[in-house]
Amino acid sequence: MLSIVVVILAIAVGGGIFALTLANKFDAYEKIDDPFPDEAGRPAKSDTGSQNILLLGSDTRGEIGDKELDNIKGDRSDSMMIVHIPGNREGIFVTSIMRDSWVPIPGRGSAKINAAMAYGGPKLAVQTVETLINARIDHVAVIDFDGFEGLTDALGGVTINNPIAFTATHGKQHFKQGEITLSGKDALSFVRERYSFKDGDYQRARNQQLYMKGVMNKLLSKDTLTNPGRVIESIDAISPFLKADSGMNAAYVAGLAPSLAGVRGEDVQFITAPTSGTGTSPDGQSIVRLDEVKMGQLATAFQTDKLADFFAANKK
């Protein structure tokens, strides 16, 4: 979600929209101290100018500013997305990783990928993802899902095209099939639900992508970008639920601004890291198995800055 805010700020600054105010708002975010693994052994920085931002959705269920997320232990990440900004700045590519994906976690053996946050905080989560895609994570952000509620209400609701009608297990909100507009409370329920679906977390990941796409469309609409009050209110609503590395500051936003000025909602694409189905771990856990062949192709796409080609070939 912070990556979305980065894009919005960059576009707004690039367009000269109350740039100083937005930059100051951005620098008010809490920063994560040293969220990256030791430099030795990390993938090299991209030589194409591309960037990867790791977005971790925490299930702390409250304002993360009250918790030491710099070295968080015991909380698993409900969602994990890699936001790829290509060197040519032609679009943005977001890859969701299923929370139960069975992967090697450095120093811990194999486990569900969402355990990396619990074992070693953002630093181990970054190291795990870099090991998985063999590409460098340039920035990292953590958000508590409760931040979705305030952001959605600040935007006046988020409209999505819901593919499956369902009633949420918690809260009992009913979501009809077709175009619906989510309020803040409904958005929180929508992105967390998994028990109502035959394929559980698969649909949950798709719903999270739907919501993110809806937010992007709303934030990047002319009505929002030309409304300073709405942009600032949106940033204020989500900021208590965010932390990011110190490099994601006003200077970073200003550097991105010229190259992202033309990006709009339709230029942001989403995909889920390829899987080969579900299974059982050696210790009896229900897990998601990643497709090793396609994951190799995905890793190569990250390394060579050709995610556009991978998305085109694999997006359903």
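This short talk walks through the cores, one strand, one helix, the cavities and a few backbone angles of the structure shown above.

Before I begin, please keep in mind that this is a predicted model, in which local features need pLDDT of at least 70 and side-chain atom pairs count only at pLDDT 80 or more, while totals for chains, interfaces and linings use all residues. Residues are numbered from 1 along each chain as its sequence is written, and side-chain values use heavy atoms, with hydrogens and water left out.

Let me start with the interior. In soluble globular proteins, nonpolar side chains tend to be buried together. The term nonpolar core stands here for a set of buried Ala, Val, Leu, Ile, Met, Phe, Trp, Tyr and Cys residues joined through side-chain atoms within 4.5 Å, where buried means under 20% relative accessible area, exposed over 50%, and partly exposed in between, with a 1.4 Å probe and protein chains only. The largest such core has 44 residues, and the members that touch the most others are V94, F175, L182, F190, Y211 and V215. Helix α6, residues 201-219, gives the largest share of this core, 5 residues; helices (H or I, at least four residues) and strands (E, at least two) are DSSP runs, numbered from the N terminus. There is also a second, separate core of 34 residues, with F36, V126, A301 and L307 among them.

V94 takes us to strand β4, residues 92-96, where 5 of 5 residues are buried. I92, V94 and S96 point one way from β4, whereas F93 and T95 point the other way. Strand β4 runs parallel to strand β13, residues 268-272, and 5 bridges join them; two strands pair if DSSP finds at least two bridges between them. Within β13, Q269 is the bridge partner of F93.

Next comes helix α4, residues 147-154, in which G147, F148, L151, T152 and A154 are buried. Because these residues cover an arc of only 160 degrees around the axis, they lie on the same side of α4, the arc being that of the directions from the helix axis to the C-beta atoms. One of them, L151, has a relative accessible area of 3%, and its C-alpha is 5.3 Å from that of A237, although the two are 86 residues apart in sequence.

What is the volume of the largest cavity? A cavity is a set of points on a 1 Å grid over the protein atoms alone where a 1.4 Å probe fits but cannot get out, and lining residues have an atom within 4 Å of a point. A search of the whole structure finds 4 cavities of 30 Å³ or more, and the largest has a volume of about 100 Å³, a volume being the space filled by probe spheres set on the points, which are joined across faces, edges and corners. Of its 11 lining residues, I97, M98, R99, A205 and Q208 are the closest to the centre, and α6 gives the largest share of the lining, 4 residues.

I will finish with backbone angles. Most residues other than glycine have a negative phi. R89, in the loop between β3 and β4, nevertheless has a positive phi near 60 degrees, and it counts as buried at 15% relative accessibility. N134, in the loop between α3 and β7, has a positive phi of about 50 degrees, and N134 counts as partly exposed at 47% relative accessibility.

Conventions. On a 1 Å grid over the protein atoms alone, a cavity is a set of points where a 1.4 Å probe fits but cannot get out, and a pocket is an open set with protein on both sides within 12 Å along at least five of seven lines; lining residues have an atom within 4 Å of a point.
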